[in-house]
Amino acid sequence: FGIPLDAVSDETTEIMGEGFISVRTPLAVLFVDIRGFTRWSDGRDPRETVEHLNRQMGLEARLIRSRGGRINKLLGDGILAYFPASGIDDCIETAVEIQRQISAEGMLPVGVGCAFGEVILGDIGEEARLDFTLIGAPVNRAARMCDSARVGQVCLSSAVCEGASSDLLQELKGRYPHREILVEVKASDPPLSALKLVVSGK
């Protein structure tokens with residue numbers, strides 16, 4: 001849950017005082033969210049629900065960490081993770097691999113979204129309870145990308161696509177059905193262009 005040293009750019013300033021930490025740095029942000037979880041869990045045995053969630057989130061977490069990502073939050077039925085600016089390809093490949101393995105294991109379907117940009121990482125809360133978390137527009141954009149990704153899909157913001165290697169994008173476009181889409185972020189802001197990959201399902 002800490003700050004990976006290679007995620008912090010040379011221009012980043014860290015302010016440490018009275019136990020508080022704040023860092024501003026560019027990161028690739030990844031959101032994973034289970035689709036239809038409330039309906040699936042309704043009336044199900046609590047132990048079965050928790051055991052399934054732990055298995056599924058354990059798989060997702062291992063895939064994230066295996067490519068250099070860090071988990072920031074476990075969100076009940078979702079995960080917020082991040083990769084250093086140099087790891088945009090790793091972020092994309094992780095998103096795709098999560099969809100592939102979730103489908104192969106017959107686990108609950110998910111949507112995955114990725115965004116990139118400058119975020120603030122810091123201890124946020126009040127004195128008795130501080131949570132180390134990410135804030136900033138890229139976090140919101142990753143969440144909206146995830147919302148736009150249906151079952152088996154990965155949605156990549158234009159900033160992620162611009163920062164990715166052309167060889168990787170060409171490979172993914174050749175392997176999976178895909179299309180360019182526009183994603184609404186805020187009513188007052190113009191929609192963001194994004195690339196949607198259909199990794200599993202239709």
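E93 is partly exposed, its relative accessible area being 30%; here buried means under 20% relative accessible area, exposed over 50% and partly exposed in between, with a 1.4 Å probe and protein chains only. The structure in question is a predicted model, in which local features need pLDDT of at least 70 and side-chain atom pairs count only at pLDDT 80 or more, while totals for chains, interfaces and linings use all residues. Residues are numbered from 1 along each chain as its sequence is written, and side-chain values use heavy atoms, with hydrogens and water left out.

E93 has a charged partner: its side chain meets that of R67 in a salt bridge, at 3.2 Å from N to O. The term stands for a side-chain nitrogen of Lys or Arg within 4 Å of a carboxyl oxygen of Asp or Glu. E93 sits in helix 3 (residues 88-104) and R67 in the loop between helix 2 (46-66) and strand 3 (70-74), so this pair ties together parts that are 26 residues apart in sequence. Helices (H or I, at least four residues) and strands (E, at least two) are DSSP runs, numbered from the N terminus. R67 is partly exposed too, at 31%.

In total, the structure holds seven salt bridges. Another of them joins E118 to R24, with the closest N and O atoms 3.8 Å apart. With E118 in strand 5 (residues 110-126) and R24 in strand 2 (residues 20-34), the pair ties together parts that are 94 residues apart in sequence. E118 counts as partly exposed at 48% relative accessibility, and R24 falls in that class with a relative accessible area of 43%. A third example stays inside one element: R175 and E171 form a salt bridge, their closest N and O atoms being 2.2 Å apart. The two are four residues apart in helix 6 (residues 166-175), which means about one helical turn separates them. R175 is partly exposed at 45% relative accessibility, as is E171 at 41%.

Helix 6 also has a clear inside and outside. Its buried residues are L168, L169 and L172. Viewed down the helix axis, they fall within an arc of 95°, so they line one face of the helix; the arc is that of the directions from the helix axis to the C-beta atoms. Turned away from this buried side is a face carrying the exposed residues S166, D167, Q170 and G174. The buried residues pack against helix 3, helix 5 (158-163) and strand 9.

Strand 9 (residues 192-198) is home to L197, a buried residue with a relative accessible area of 0%. Apart from its neighbours within four places in sequence, L197 is in contact with V96, G152, Q153, V154, L156, L172, P177 and H178, where contact means heavy atoms within 4.5 Å. L172 of that list is one of the buried residues of helix 6. V154 lies 43 residues from L197 along the chain, yet their C-alpha atoms are separated by 5.2 Å.

A similar check can be made on C146, in helix 4 (residues 137-148). C146 is buried, with a relative accessible area of 2%. Its contacts, leaving aside neighbours within four places in sequence, are F31, V32, D33, R35, G111, V112 and G113. F31 is 115 residues away along the chain, but the C-alpha atoms of C146 and F31 are 6.0 Å apart. S41, in helix 1 (residues 37-41), is buried as well, with a relative accessible area of 18%. A polar atom of the S41 side chain lies 3.3 Å from the backbone oxygen of T38.

On to the overall picture. The protein has six helices and nine strands, and buried residues make up 46% of its 202 residues. Of the contacts with a separation of 6 or more, 66% are between residues 24 or more positions apart. The accessible surface comes to about 10,600 Å², and carbon and sulfur atoms account for 49% of that; the areas come from the Shrake-Rupley method with a 1.4 Å probe, and for residues only the protein chains shown count as cover.

As for confidence, the average pLDDT is 87, and 89% of the residues score at least 70; pLDDT is the predictor's confidence in each residue, from 0 to 100. Among the elements, strand 7 (residues 153-157) has the highest mean pLDDT, at 98, and strand 1 (residues 14-17) the lowest, at 38. Over residues 1-18 the pLDDT is below 50, though this stretch has 36 contacts in the model beyond near neighbours in sequence.

Definitions and conventions:
Polar contact = N/O pair within 3.5 Å; in protein donor to acceptor, adjacent residues only side chain to side chain.
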